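Subject: Structure for you to look at

Hello,

Please find the structure below, followed by notes on what was found in it.

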Amino acid sequence: MKDLVNEKTRRKAFGQLLAKYQQQIYFFIRHQGLDHEDTDEVTQDVFLTIYRNVSALKLLDELDWIIYGFAAEACKKYFKLKPLEEWLPTMTAHLKQKGFSFKNIAFRLELPLKEVKYAYHTFLSKQTAVQNA
C-alpha cells in the first residue's frame with residue numbers, strides 16, 4: 001500500500017483500501033452497539049481521517065492496526081459520554097480477535113493496560129455465563 005503516500009496513485013490506492021476494509025470496519029463499529037446510521041457516519045469519519053492523514057502515516061506494513069486503531073478511536077469518541085464498562089469489553093474482544101495485543105489496544109485507546117485486560121476478561125466471563133445458561 002505504498003501507493004497511498006504517492007500523490008499520483010493515492011486515489012486508486014485509497015479505492016482499493018476502501019474495497020478491502022470498508023465492510024470490515026463497518027461491522028467492527030456496528031458490533032460496538034451503534035445503529036446503522038451512526039455506524040455509517042463513524043465508518044465514513046474513519047476513512048476520511050485516514051485519507052486526510054495518509055501522508056503522515058508511518059508503518060504502512062501495519063495497515064490493519066492503523067485502520068482498526070482509527071476505528072477504535074472513533075468509537076471511543078462516539079461513546080465518550082458512556083461508561084467504559086458499557087463499550088470497552090466488546091471492543092477489546094473484537095480487537096483481540098483481529099490479533100491485536102492488549103498493549104496495542106491500551107496504547108491506541110489511551111487507557112491503562114490493566115483496564116483493557118479487565119474489560120476483555122469481563123467480556124469472556126459474560127460469554128461463558130451466556131453459554132452455560
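Helices here are DSSP runs of H or I with at least four residues, and strands are runs of E with at least two, numbered from the N terminus. The model is predicted, so local features need pLDDT of at least 70 and side-chain atom pairs count only at pLDDT 80 or more, while totals for chains, interfaces and linings use all residues. Residue numbers start from 1 along each chain as its sequence is written, and side-chain values use heavy atoms, with hydrogens and water left out.

The loop between H5 and H6 contains glutamate 110. Its phi is near 55°, which is a positive value in a residue other than glycine. Most residues other than glycine have a negative phi. Glutamate 110 has 68% relative accessibility and therefore counts as exposed (exposed is over 50% relative accessible area, buried is under 20%, and partly exposed is in between, with a 1.4 Å probe and protein chains only).

Next, the helix packing. Two packed helices are described by the angle between their axes and the distance between the axes. The axes are lines fitted to C-alpha atoms, for helices over the stretch in contact, and the angles run from 0 to 180 degrees between N-to-C directions.

Helix H3 (residues 63-78) packs against helix H5 (residues 102-109) at an angle of about 50°, and their axes are 9 Å apart. The pair is therefore oblique (under 35 degrees is roughly parallel, over 145 roughly antiparallel, 65 to 115 roughly perpendicular, and the rest oblique). H3 passes H5 in a right-handed crossing; that is, the near helix is turned clockwise from the far one by less than a right angle, whereas anticlockwise would be left-handed. On the H3 side, the residues in contact (heavy atoms within 4.5 Å) are Trp65, Ile66, Gly69, Phe70, Ala72, Glu73 and Lys76, and they meet Asn104, Ile105, Arg108 and Leu109 in H5. By class, this contact of H3 with H5 has six nonpolar, two polar and three charged residues (Ala, Val, Leu, Ile, Met, Phe, Trp, Tyr, Cys and Pro are nonpolar, Asp, Glu, Lys and Arg charged, and the others, Gly among them, polar).

For H2 and H3, the axes come within 9 Å and cross at roughly 130°, so this pair is oblique. The crossing of H2 and H3 is right-handed. From H2, Asp38, Val42, Val46, Thr49 and Ile50 meet Ile67, Phe70, Ala71, Ala74, Cys75 and Tyr78 in H3. The contact of H2 with H3 divides into nine nonpolar, one polar and one charged residues.

The largest nonpolar core (buried Ala, Val, Leu, Ile, Met, Phe, Trp, Tyr and Cys residues joined through side-chain atoms within 4.5 Å) has 40 residues. Those with the most contacts inside it are Leu17, Ile25, Ile29, Val46, Ile50, Met91 and Leu95. At least two core residues come from each of helix H1 (10-30), helix H2 (36-53), H3, helix H4 (84-97), H5 and helix H6 (113-132). H3 gives the largest share, 10 residues.

The remaining notes cover single residues; their contacts leave out residues up to four places away in sequence.

- Leucine 95 touches Phe28, Trp65, Tyr68, Ala72, Phe100 and Ile105.
- Threonine 92 lies in helix H4 and is buried, at 0% relative accessibility. Threonine 92 touches Phe102, Ile105, Val116, Ala119 and Tyr120.
- Proline 89 is also found in helix H4 and is buried at 9% relative accessible area. Proline 89 touches Leu84, Ala119 and Phe123.

Regards
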